[in-house]
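Student: Could we go through some of the words used for this structure and ask, each time, what earns a residue or a site its label?

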Amino acid sequence: MEDFATELEKVQKTFKKRKVRIYKPHDTDFPELLITVPDSWKQIQLAPLYDVHYGSKEHDRALFTSHLKWIAETSDVLTFNGGDMFDNGNKIAPGASSTSQDVTPEEQLHDSVKILAPIQHKTLFYIPGNHEDRTLNAAGIDVSRVLADNLKLPYFPDYCFCTIKWRGNQFRLLAHHGSGGASTAGAQRNAARKDMPWAKFDILWTGHLHQPMADIAYQIDFDQKTGRVFERCSVVMISPSYLKYFGSYAAKKRLAPGMRGLGVIILQEDGRIDVSLHARGKRL
Ligand SMILES: [Fe+2]
């Protein structure tokens, strides 16, 4: 069997050429990133991976694999990693045990590099989730950062302020994994909006709760050049997860199940932001 270093070198050679420009300023106290998308693109589809939980026995591998293929094959899709990419169960984590996973945490980390390599050129940045943070909290080792480094991608330990420049627009994305618990619909909406008092954004994107939600916040802004006011409404979004419910920690704790999959936001030339979430199911 090849050692991981050799395997990693081979995987990194498969990375495709990036079509968007990513600039991470170093002379800053803020977790910021600037993205420039070619104006030849007709729209931008943002489809981040939140709460994939690779390695968990409840991970929906079939759905995740099909979405990964869609991201890889669709030309105008960009993604980022919103945390909890792998389940990373260990002794100190609530609900985690050797029986809750079918891949060891070390293999989860190594496998994730290989799984995500085909979309490396479409991935803007990495932020960790509380599941990756289990190793950070227990041993001071940030495994999410190791994953981002192996994939040669910008990494931020909590928030990422990301400006996407395209066709004269500057879309302001603020991403975080999300934190804390919220079991009722109202509490989830409040949890998703938590950064509104202090942060300005066009899209505030979290996951963590495994309860997809899109909330449009009406907002007025001032044009700093002219002093005139204009509408600049924003989207507060919670992505779904790729975790099945029954047999999971969530079911044990009676945290309600949520639809699995991707949340997608489409950025339009006129500044409009469209949201796409799915309620799949049979209608018998
Ligand atoms: Fe999660």
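Student: Why is F64 called buried?

Tutor: Buried means under 20% relative accessible area, while exposed means over 50% and partly exposed in between, with a 1.4 Å probe and protein chains only. F64 has 2% relative accessibility, so F64 counts as buried. This is a predicted model, in which local features need pLDDT of at least 70 and side-chain atom pairs count only at pLDDT 80 or more, whereas totals for chains, interfaces and linings use all residues. Residues are numbered from 1 along each chain as its sequence is written, and side-chain values use heavy atoms, with hydrogens and water left out.

Student: What makes Y50 and F80 an edge-to-face aromatic pair?

Tutor: Rings of Phe, Tyr and Trp (its six-membered ring) pair if their centres lie within 6.5 Å, and planes under 30 degrees apart count as stacked, over 60 as edge-to-face and the rest as tilted. The rings of Y50 and F80 are 5.8 Å centre to centre with 80° between the planes, so they meet the rule for an edge-to-face pair.

Student: Where do Y50 and F80 lie in the chain?

Tutor: Y50 lies in the loop between β3 (44–46) and α2 (61–73) and F80 in strand β4 (residues 77–81), so the pair ties together parts that are 30 residues apart in sequence. Here helices (H or I, at least four residues) and strands (E, at least two) are DSSP runs, numbered from the N terminus. Y50 is buried at 0% relative accessibility, and F80 is buried with a relative accessible area of 1%.

Student: Which aromatic cluster includes Y50 and F80?

Tutor: Y50, F80, F125, F156 and W205 form one aromatic cluster.

Student: How do you know that K24 lies over the face of F156?

Tutor: A charge sits over a ring if NZ of Lys or CZ of Arg is within 6 Å of the ring centre and within 35 degrees of the ring normal. K24 is at 4.5 Å from the ring centre of F156 and lies over its face, so the distance fits the limit of 6 Å.

Student: Why is the site of the iron ion called irregular?

Tutor: The protein donors are D51 (OD), H53 (NE2), D84 (OD) and H210 (NE2), 2.0 to 2.3 Å from the iron ion; donors are N, O and S atoms within 2.8 Å of the metal (3.2 Å for Na, K and Ca), and water is not among the atoms, so sites may look incomplete. Four donors count as tetrahedral if all angles lie between 85 and 135 degrees; four count as square planar and six as octahedral if opposite donors are over 155 degrees apart and all others between 65 and 115; anything else is irregular. The angles among the four donor atoms run from 88 to 173°, and the site is irregular.
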